[in-house]
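Here are a few notes to read alongside the model. Have it open and follow the points in order.

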Amino acid sequence: MEKIATRISYGNALCELVQKRPDLFVLDADVAHATMTVTFQKAYPDRHFDCGIQECNMLGVAAGLASTGKLVFASAFAMFAAGRAYEIVRNSIGYPKLNVKIGATHAGISVGEDGASHQCCEDIALMRTIPGMTIINPADDVEARAAVLAMADYEGPTYLRFGRLPVPVFNNPDTYKFEVGKGVTLKDGNDITIIATGLLVYPAIEAAEELVKQGVNARVINIHTIKPLDEELVIKAAKETGKIVVCEEHSVIGGLGSAVAEAVSEKFPVPVVKLGINDTYGHSGPALQLLEEFGLTTDGIIDTVKKALNK
Amino acid sequence: MESKLSQLDLQITACKVRMGIIEGTYNAKSGHPGGSLSVADTITYLYSSHMRIFPDNPNEPTRDRMVLSKGHTAPALYSMLAQKGFFPPEEMKELRKIGSRLQGHPVRDKIPGVDMSTGSLGQGISAACGMALAGKVSGDNYRVYTVLGDGELQEGMVWEAAMFGAHYKLDNLCAIVDNNGLQIDGRINDVMSPYPIDKKWEAFGWNVICIDAHDFDQIEQALNDAQNKTGQPTVIIQKSTKGKGVSFMEDKANWHGAAPNEEQYNQAMSELQARLEELSGEPPAAE
């Protein structure tokens, strides 16, 4: 299967988006060659503004641009867009409800060799606390491009999370439909539900296929929009399958696992087991080895499902 | 541009703006009168005689923008907007109260005439840069103003924005630094000196103009010079008096974030009322 990093998809999709929205502005913080907004920069140099290494100012500038009605994408690594600039996102974008899209790349430990200082596993938690913030974490190239294009007519502050590591393109571009806030059921099953997001969606499908061979029929749901969460789909899964495993390349504190647990515990309590980064920092190393070490793999998901079934 | 007011009319309006500041903070039993009073003359000039604004259509796309980066001085902005008819002056009594749209710090889309939500220091100037960039790229002729405190210059983000404004040659942007010399913890040069302010902005590539914040002729000249400057943004560094216009508040750090009690309110209002009568009693100035 072909593999593409969603940051590549992001750069390509911006070039399509400007066809629909000629008022698009793209900002970057000296990482255009890494976030891949460079693709857009080469094609539309007069609509790409490098802000240098100043993520805080970049997001403030984005707010000002958006206040005049422009569509703005501001890009940096997740660590700095969500982490360093958190309070600017909260006060200058979230609170005034400005139409700024934050294109955050290099999320999670799959950043790899750069190590923990750049491996942001806290961004979803941070962004979830901001009222009115939409959070989208696409699983592959098809979904990432569709999510960016959907921003043409989706108003309001939005955090889009992209990865550095090439990941399998499993969605069919001809049939895939993206809708903000709607989870996607990829496989039916009634023994347990695996909810996954981002680069763990494909391993979740693989895990479910393997589990079938072992007599376990797991449902697989792709949650690309972490906020607002598709509670209806999640609660339905809780009711019909009784147990949920949530898989994400993010801290087990405050991410999708927490969002699902919060929804389920209030509306239809069932066991929720979280697979993620267990309140720790990553470290340097090749991305695939890191994912292996932290259990964010097909085997890791299978183990977690078995653990959950024994609860 | 708005039609020019005479010096006398400007002084009368500024006096009314100051009364609104006292009215608002007294009724709220909180707020920031000191810095509001120090920027009152500049805000008065901007909205009365300089900026292109539309009180009947506050979000008119071609309007000039003003971002109050020192957002805690919202009473000055609100009081001015009320004088211009964006909302009734009586509403100043609702400042900071439950159910009021006059929030403690400015909120965009909630208060007519407020162009950007501010209050977290250092952020307003970045938003102003974004507005100015949008105008330049789109070929819109509006101008963008942003008012900062001198203590606010301690925020590193201000200098990120300063670098940005000069780099993108945002000559439609004018920053105004209200140099009243005081911040909550005391004199700015004792707490964390931002001096020399003029040389810092100059080094960042801005056109620097230094004026007296309470002299309308100097304000007018500076704003016109800023407008005529091409190729770089302008910063007007205005030497001001914190608490200006209310005798017992002048140049006192403790009036940064404290509201007058009833006795102080009465004294402040009678001083301003006397000033207003003195101004109004004079024969109209020949234009």
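1. A word first on what you're looking at: this is a predicted model. Let's begin with a strand pairing in chain A. Strand S6 (residues 134-136) of chain A lines up with S7(A) in the parallel sense, and three bridges hold the pairing. To find the spot, look for A:Ile135, whose bridge partner in S7(A) is A:Tyr159.

2. How do you get from S6(A) to S7(A)? Helix H8 (residues 141-150) of chain A joins in here: together with S6(A) and S7(A), H8(A) makes a right-handed β-α-β unit.

3. S7(A) also pairs with strand S5 (residues 100-105) of chain A; these two run parallel and share four bridges. A:Ala104 is a handy marker, as its bridge partner in S7(A) is A:Arg161.

4. Are the faces of S7(A) covered or open? Both faces of this strand (residues 158-161) are covered. A:Thr158 and A:Leu160 sit on one side, A:Tyr159 and A:Arg161 on the other, and all are buried. So two residues you've already met as bridge partners, A:Tyr159 and A:Arg161, turn up again among the buried ones.

5. Now over to chain B, for a helix pair. The axes of helix H1 (residues 7-28) of chain B and helix H9 (residues 262-281) of chain B come within 10 Å and cross at roughly 165°. Angles over 145 degrees count as roughly antiparallel, and H1(B) and H9(B) are therefore roughly antiparallel to each other. Their crossing is left-handed.

6. Which residues meet where these helices pack? On the H1(B) side they include B:Leu8, B:Ile12, B:Cys15 and B:Tyr26. Among those they meet in H9(B) are B:Tyr265, B:Met269, B:Leu272 and B:Leu279.

Key. Residues are numbered from 1 along each chain as its sequence is written. Chains are lettered from A and ligands numbered from 1 in the order in which they are written. This is a predicted model: local features need pLDDT of at least 70, side-chain atom pairs count only at pLDDT 80 or more; totals for chains, interfaces and linings use all residues. A residue is buried if 20 or more other C-beta atoms lie within 10 Å of its own, exposed if 12 or fewer, and partly exposed in between; C-beta atoms are placed from the backbone. Two strands pair if DSSP finds at least two bridges between them. A crossover is right-handed if, with the strands pointing away from the viewer, the path from the first strand over the helix to the second runs clockwise. Axes are lines fitted to C-alpha atoms, for helices over the stretch in contact, and angles run from 0 to 180 degrees between N-to-C directions. Angles under 35 degrees count as roughly parallel, over 145 as roughly antiparallel, 65 to 115 as roughly perpendicular and the rest as oblique. A crossing is left-handed if the near helix is turned anticlockwise from the far one by less than a right angle, and right-handed if clockwise. Two residues are in contact if their C-beta atoms, placed from the backbone, lie within 7 Å.
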